[in-house]
Amino acid sequence: MRARKLLMLLPLVLLAAVCLSCGLTAEAQLPGSISGVVTDAQEDPLEGCSVIAYAEDQEEVYGATNEFGSYTIADLAPQEYLVAAQCDGYVSEYYEGVRWANDATLVPVAEGEDTPDIDFSLDVGGTISGVVTDAQLNPLENCSVHAIPEREEFGTYGGASTNSDGSYTIVSLTTDDYRLAVECEGYISEFYNAVRWWDDAASVPVVEGQDTPNIDFTLDAGGTISGVVMDAQGDPLEDCWVTAGPWDDARTFGHALTNQGGSYTISALAPGEDYQVGAGCPGYITEYYNGVREPSDAVRVHVLEGQDTPNVNIN
């Protein structure tokens, strides 16, 4: 009987040994941290900046600076990290004092230890500002304005939304030449200065620490195309993509998704232009208006400024 009890206890002893081994392994992998200070070029501390640690095959880990500019990024697995600092109004930077990830110095983190003195000194970025209005010079709110470096593979990108008075300011830009684009619901998207193609856009120069003002946009109200998408039995089809493609030199595209009733409305289309309208639905053959399968056979749909072209139905 005693021998039987010993045999029954043996698996428990083995399990305890395995658990102790696991505990030792976990203890050996205690997380580390990275700490430092973020200041401006005058060595004044910057509060509310984000400091991010990147590592391959891992999610980014964030820290934030306090009123003294200090930060700590905790719970880091022991390995090397790419570390960057971002602060509103300042040019983002990688450690150690560089702006490109390929030039950055990797920061090692040891098990259970802090890697201190990973400091950043950030330069004030340049800004672009202006106002977005409609053709009657009424301010347009909640439009998205994008700054895109002319050398798209280099430079910094920026963006801002317009306020209730139509004004916007894009911050934290490096010294460079940019092209600006604006998007606003119900209006035709546009590049600066009053053009609709990238190649025609005017260059907007930016110098760090300075504002480039008066980059204004006046947007035209687009026309719309609406209708219903149905199957052969006349039942409405939901979640179909309806696309308006340009004929000739029309320079805007549009698309919309059908609702539960099969209805759609494509907005912000260039007025005075003709479009070919097609619908694609899962499980159905793509078709163009009016009842054809080739875009070249489609019936032209004309769009007028500020007006809807209705009843462009597809089944």
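**Entry 1: S35**

I began with the accessibility of S35 in this predicted model, and I noted that S35 counts as buried because its relative accessibility is 12%, where buried means under 20%. I then looked up where S35 sits in the chain, and found it in strand β1, which covers residues 32-40. Leaving aside the neighbours within four places in sequence, I listed the contacts of S35 as Y71, T72, D114, T115, P116, D117 and I118.

**Entry 2: the largest pocket**

I turned next to the pockets, and recorded a volume of about 290 Å³ for the largest pocket. Its lining is made up of 16 residues, and those closest to the centre of this pocket are S92, Y94, R99, G155 and T156. When I asked which strands contribute to the lining, I found that β5 (80-86) and β6 (93-94) each supply at least two residues of it. Sorting the lining of the largest pocket by class, I wrote down 6 nonpolar, 6 polar and 4 charged residues.

**Entry 3: the second largest pocket**

For the second largest pocket I noted about 210 Å³ of space. I found that 15 residues line this second pocket, and that M230, Y284, I285, E287 and N315 are the closest of them to its centre. I also sorted this lining by class, and entered 9 nonpolar, 3 polar and 3 charged residues for the second largest pocket.

Key
Residues are numbered from 1 along each chain as its sequence is written. This is a predicted model: local features need pLDDT of at least 70, side-chain atom pairs count only at pLDDT 80 or more; totals for chains, interfaces and linings use all residues. Side-chain values use heavy atoms; hydrogens and water are left out. On a 1 Å grid over the protein atoms alone, a cavity is a set of points where a 1.4 Å probe fits but cannot get out, and a pocket is an open set with protein on both sides within 12 Å along at least five of seven lines; lining residues have an atom within 4 Å of a point. Grid points are joined across faces, edges and corners, and a volume is the space filled by probe spheres set on the points. Helices (H or I, at least four residues) and strands (E, at least two) are DSSP runs, numbered from the N terminus. Ala, Val, Leu, Ile, Met, Phe, Trp, Tyr, Cys and Pro count as nonpolar, Asp, Glu, Lys and Arg as charged, and the others, Gly among them, as polar. Buried means under 20% relative accessible area, exposed over 50%, partly exposed in between (1.4 Å probe, protein chains only). Contact means heavy atoms within 4.5 Å.
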